[in-house]
Structures are given as C-alpha cells and as structure tokens.
Amino acid sequence: VDWPLVAAACLLHDVCKLDSSLEPREGHEVAGGKLLRELGFPAVARLVERHVLDSGGGLESVEEEVLFYADKRVEWDKVVTLRERLAGLLRRYARRPGAVERINRNFEMAFALEERLLGRAGVSPEELLELNGS
C-alpha cells in the first residue's frame, strides 16, 4: 500500500466539495480530480475522482479501497460506524434527487469492503473505533 498517497488523498478528497455559497457541489470528486491534476498530482487526483463511485464500476486498487472506506467512516471530525455515517448522510441529502439511491449504493459497497479489509487486518469495526480513540 502506498500510504503517503493514501494520506494525501484522504486529506484532499473533498477539496472541491463546497462552492462559495457553502452548498455541496454535484460532482465534487470530478472537480477535485481536475484541480489536483492541474496542480501536478495525477496519482492523488485518480483516488479523489473515485472516492464516490457515482459512475458505477469498482475500485481498482487497495489505495482506492482504503480512501473509499475511510471516507465512509468519518463524520465531520470523528470516526464513526458505517451505520452512523449512512444515517447522517441520508439526513443531510435525502431531498436531493437520486441522492438516497447513490448513497445506498456506495454504502452497500462500503459494508462489503469493511468486512474484507478489516477481516484481512484481523480487526473488528468496533476495535477500529477503539484504536482511534473514538
């Protein structure tokens, strides 16, 4: 795993999420990828572009999997369970056309990925919260 790449992508994955009106943008992953490519960070851009998966398709690298999973486990500044994160997203975005379906698709993948990644690491989701001090 290229941990420095994952760390950079984790820090920058939502770089274009808000516009000047502080409203979430549609396609922030695409805008963030474009910006990061323009700044000379194509590897980070690739991960950023794929952390939402609205376009379908699967994750192609362990780095993409880690970013995708990490994004689904963090609510603001706290590591939470996938169920807590899912509930928070549904509360915030339920009124947006198609949002519930997109969120649910992403979380179906997140639950499967959690089982696979944490199973490989020999850690439960609850232990991950404890390791993080949450």
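**Figure 1. Overall fold of the predicted chain.** The chain contains seven helices and two strands, where helices (H or I, at least four residues) and strands (E, at least two) are DSSP runs numbered from the N terminus. Followed along the sequence, these elements give the pattern α-α-α-α-β-β-α-α-α. The model is predicted, so that local features need pLDDT of at least 70 and side-chain atom pairs count only at pLDDT 80 or more, whereas totals for chains, interfaces and linings use all residues. Residues are numbered from 1 along each chain as its sequence is written, and side-chain values use heavy atoms, with hydrogens and water left out. Of the 134 residues in the chain, 37% are buried, a class that means under 20% relative accessible area, as opposed to exposed (over 50%) and partly exposed (in between), with a 1.4 Å probe and protein chains only. Among contacts with a separation of 6 or more, 48% are accounted for by residues 24 or more positions apart, contact being defined as heavy atoms within 4.5 Å.

**Figure 2. Helix α4 and its covered residues.** Helix α4 spans residues 62-73, has 12 residues and reaches 16 Å from its first C-alpha to its last, close to the 16 Å expected at 1.5 Å a residue; the expected span is 1.5 Å times one less than the number of residues. The helix is mostly covered, with 10 of its 12 residues buried, and these include the charged residues Glu63, Asp71 and Arg73 as well as Val66 and Leu67. Within this helix, Lys72 lies over the face of Phe68, at 4.0 Å from the ring centre, which meets the criterion that NZ of Lys or CZ of Arg is within 6 Å of the ring centre and within 35 degrees of the ring normal.

**Figure 3. The largest nonpolar core and a second, separate one.** The largest nonpolar core has 15 residues, and those with the most contacts inside it are Phe68, Tyr69, Ile103, Phe107 and Leu113; such a core is a set of buried Ala, Val, Leu, Ile, Met, Phe, Trp, Tyr and Cys residues joined through side-chain atoms within 4.5 Å. Two or more residues are given to this core by each of α4, α5 (82-93) and α6 (99-121), and the largest share, seven residues, comes from α6. Leaving aside neighbours within four places in sequence, Leu113 is in contact with Leu59, Glu65, Phe68, Tyr69 and Leu118. A second, separate core of eight residues includes Ala9, Val44, Val48 and Leu67.

**Figure 4. Trp76 in the loop between the strands.** Trp76 lies in the loop between β1 (74-75) and β2 (78-79), and its phi is near 60 degrees, a positive value in a residue other than glycine. Most residues other than glycine have a negative phi. Trp76 is exposed, with a relative accessible area of 70%.

**Figure 5. Val1 at the start of the chain.** Val1 is found in the segment before α1 (3-12) and is exposed, with a relative accessible area of 54%. Not counting residues up to four places away in sequence, Val1 touches Val6, Val62 and Glu63. Val1 and Val66 are 65 residues apart in sequence, yet 9.3 Å apart in space, C-alpha to C-alpha.

**Figure 6. Cys10 and Cys16.** Cys10 is partly exposed, with a relative accessible area of 28%, whereas Cys16, at 10% relative accessibility, counts as buried. A search of the whole structure finds zero disulfides, a disulfide being a pair of cysteine sulfur atoms within 2.5 Å.
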